[in-house]
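Q: I'm new to reading protein structures. Could you walk me through one, feature by feature?

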Amino acid sequence: MTTIKSLQDTTTLHNGVKMPWFGLGVFKVEDGQEVIDSVKWAIEAGYKSIDTAAIYKNEEGVGQAIKEAGVPREELFITTKVWNKDQGYESTLAAFEESMNKLGLEYLDLYLVHWPVEGKYKETWRALEKLYKDGKVKAIGVSNFQVHHLEDILADCEIKPMVNQVEYHPRLAQKELLLFCKDNSIQLEAWSPLMQGELLEEPSLVELAEKHGKSVAQIILRWDVQNGVVTIPKSVKQHRIVENADIFDFELSLEDMAKIDALNEDRRIGPDPDNFDF
Ligand SMILES: NC(=O)c1ccc[n+]([C@@H]2O[C@H](COP(=O)([O-])OP(=O)(O)OC[C@H]3O[C@@H](n4cnc5c(N)ncnc54)[C@H](OP(=O)(O)O)[C@@H]3O)[C@@H](O)[C@H]2O)c1
């Protein structure tokens, strides 16, 4: 089990870059004041990592919040993603510049291929390799890649993906993918760790929450990091942003972990990476 002691603890990616285990997601957070407030509250609470994407249409607000927060750039870890319609070599390079202009940053920490668009993602990956070699981004990775997509990329890439960000929560424990990523030094990162709120009344999680004097959200997020999975819950509420990150003062036992593992049903809340049409 992975031992993580504070909100600032990091995992070391295979190229040596340090990525925080914990961050804030901003999917469905409105550009402007809503995203500015969320990001600033998170940074105030000690978060170092923010996960956005071109398609979330809030990169400008994320950039504004980073400026207003007044934290040295190098203390933060900023992720964005190239959207599906922009995949391909030249179009990805252009999309990257557009994201960077919106974010107002000189370099990015992590750039991800958002979805494995058939027939496109390898060209997109070549563009990410170029951005990495040019020093514009500290780490590159993929998102929503299944084992077969990773095998396909690994077969002829120059630089191996450092991260794979996928849907991951107690109903979708992704055991095979997690093992494959560990074996290939690819850091797994969880999206929708709280299953967008659907798991918060699950009786066995409520029981564990009572046992530890924690909330169900905290139990789930602790399960993520103890499994060696980076996690980026989203909230636009200051008290939840603080609550979600307060998971470093307790530990789930092996038995607790097994109870959570038992909730797996291989059930998704989001699209299937082998069958999506966007
Ligand atoms: N790569 C991809 O394809 C992909 C896809 C989806 C998401 N993501 C990333 O992953 C991040 C997280 O996933 P997500 O936003 O889909 O869902 P999530 O983090 O699983 O859940 C967010 C929902 O849970 C609520 N919530 C948060 N903390 C809570 C708490 N302590 N108690 C009760 N409710 C709580 C939020 O409401 P309030 O905001 O009202 O608090 C929101 O409705 C995204 O923001 C995005 O950055 C990536």
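Q: Let's start with a single residue. Where is the place of Val229?

A: Before we look, keep in mind that this is a predicted model. Val229 sits in the loop between H8 and E10.

Q: Is Val229 buried or exposed?

A: The idea is to check the relative accessible area, where anything under 20% counts as buried. Val229 has a relative accessible area of 0%, so it is buried.

Q: Which residues is Val229 in contact with, leaving aside its neighbours within four places in sequence?

A: Skipping those neighbours helps you see what the fold brings together. For Val229 the list is Trp21, Tyr168, Leu178, Gln187, Leu188, Glu189, Ala190 and Asp224. Take Leu178 from that list: Val229 and Leu178 are 51 residues apart in sequence, yet their C-alpha atoms are 8.3 Å apart in space.

Q: Now the helix before that loop. How many residues of helix H8 are buried?

A: For a helix, you go residue by residue and count. In H8, which covers residues 216–226, 11 of the 11 residues are buried, so the helix is largely enclosed by the rest of the structure. Among them are Trp223, Arg222 and Asp224.

Q: What do the buried residues of H8 pack against?

A: Here you look for the elements on the other side of the contacts. They are strands E9 (187–191) and E10 (230–231), plus helices H7 (203–212), H9 (238–245) and H10 (254–261). One more detail: H8 is followed by Gly228, which has a positive phi, near 80 degrees.

Q: On to charges. How many salt bridges does a search of the whole structure find?

A: You look for oppositely charged side chains that come together. The search turns up 20 salt bridges. One of the pairs is Arg73 with Asp109, at 2.8 Å from N to O. This pair links distant parts of the chain, 36 residues apart: Arg73 is in the loop between helix H2 (59–69) and strand E5 (77–82), while Asp109 is in strand E6 (108–113). Both Arg73 and Asp109 are buried.

Q: What about Lys130 and Asp134: how do their side chains meet?

A: They form a salt bridge too, at 2.8 Å from N to O. Check the accessibility of each partner separately. Lys130 has 34% relative accessibility, so it counts as partly exposed. Asp134, at 42%, also falls in the partly exposed class.

Q: Which residue forms a salt bridge with Glu158?

A: That's Lys133, with the closest N and O atoms 3.0 Å apart. Glu158 lies in the loop between helix H5 (147–156) and strand E8 (163–167), and Lys133 lies in helix H4 (121–133), so the pair ties together parts that are 25 residues apart in sequence. Glu158 and Lys133 are both exposed. Salt bridges can also share partners, and here that joins Arg171, Glu202, Glu265 and Arg267 into one network.

Q: Glu59 is buried, so to speak, in a charged role. What is the nearest side chain of opposite charge?

A: It's Lys102, 4.9 Å away, and Glu59 has no salt bridge. A salt bridge needs the atoms within 4 Å. Next, look for other polar partners: the side chains of Glu59 and Thr80 are joined by a polar contact of 2.7 Å. Glu59 is found in helix H2, and its contacts beyond four places in sequence include Thr52, Ser99 and Leu103.

Q: Where does Asp31 lie, and what does its side chain reach?

A: Asp31 is in the loop between strand E3 (24–25) and helix H1 (33–44). Its side chain reaches the backbone nitrogen of Gly61 at 2.8 Å. The C-alpha atoms of Asp31 and Gly61 are separated by 5.3 Å, although the two residues are 30 apart along the chain. Asp31 also touches Lys57, Asn58 and Glu60, and its relative accessible area of 32% makes it partly exposed.

Q: Let's zoom out. What does the secondary structure come to?

A: Just tally the elements: 10 helices and 10 strands.

Q: Why does the radius of gyration agree with a compact globule?

A: You compare the value with what the chain length would give. For 278 residues a compact globule would come out near 19 Å, and the protein has 18 Å, which agrees. The C-alpha trace spans about 55 × 40 × 35 Å along its principal axes, and 57% of the 278 residues count as buried.

Key
Residues are numbered from 1 along each chain as its sequence is written. This is a predicted model: local features need pLDDT of at least 70, side-chain atom pairs count only at pLDDT 80 or more; totals for chains, interfaces and linings use all residues. Side-chain values use heavy atoms; hydrogens and water are left out. Buried means under 20% relative accessible area, exposed over 50%, partly exposed in between (1.4 Å probe, protein chains only). Helices (H or I, at least four residues) and strands (E, at least two) are DSSP runs, numbered from the N terminus. Contact means heavy atoms within 4.5 Å. A polar contact is a pair of N or O atoms within 3.5 Å; within protein, one must be able to donate a hydrogen and the other to accept it, and residues adjacent in sequence count only if both atoms are side-chain atoms. Lys and Arg count as positive and Asp and Glu as negative; His and the chain ends are not counted. The radius of gyration is taken over C-alpha atoms; the globule rule is 2.2 Å times the number of residues to the power 0.38.
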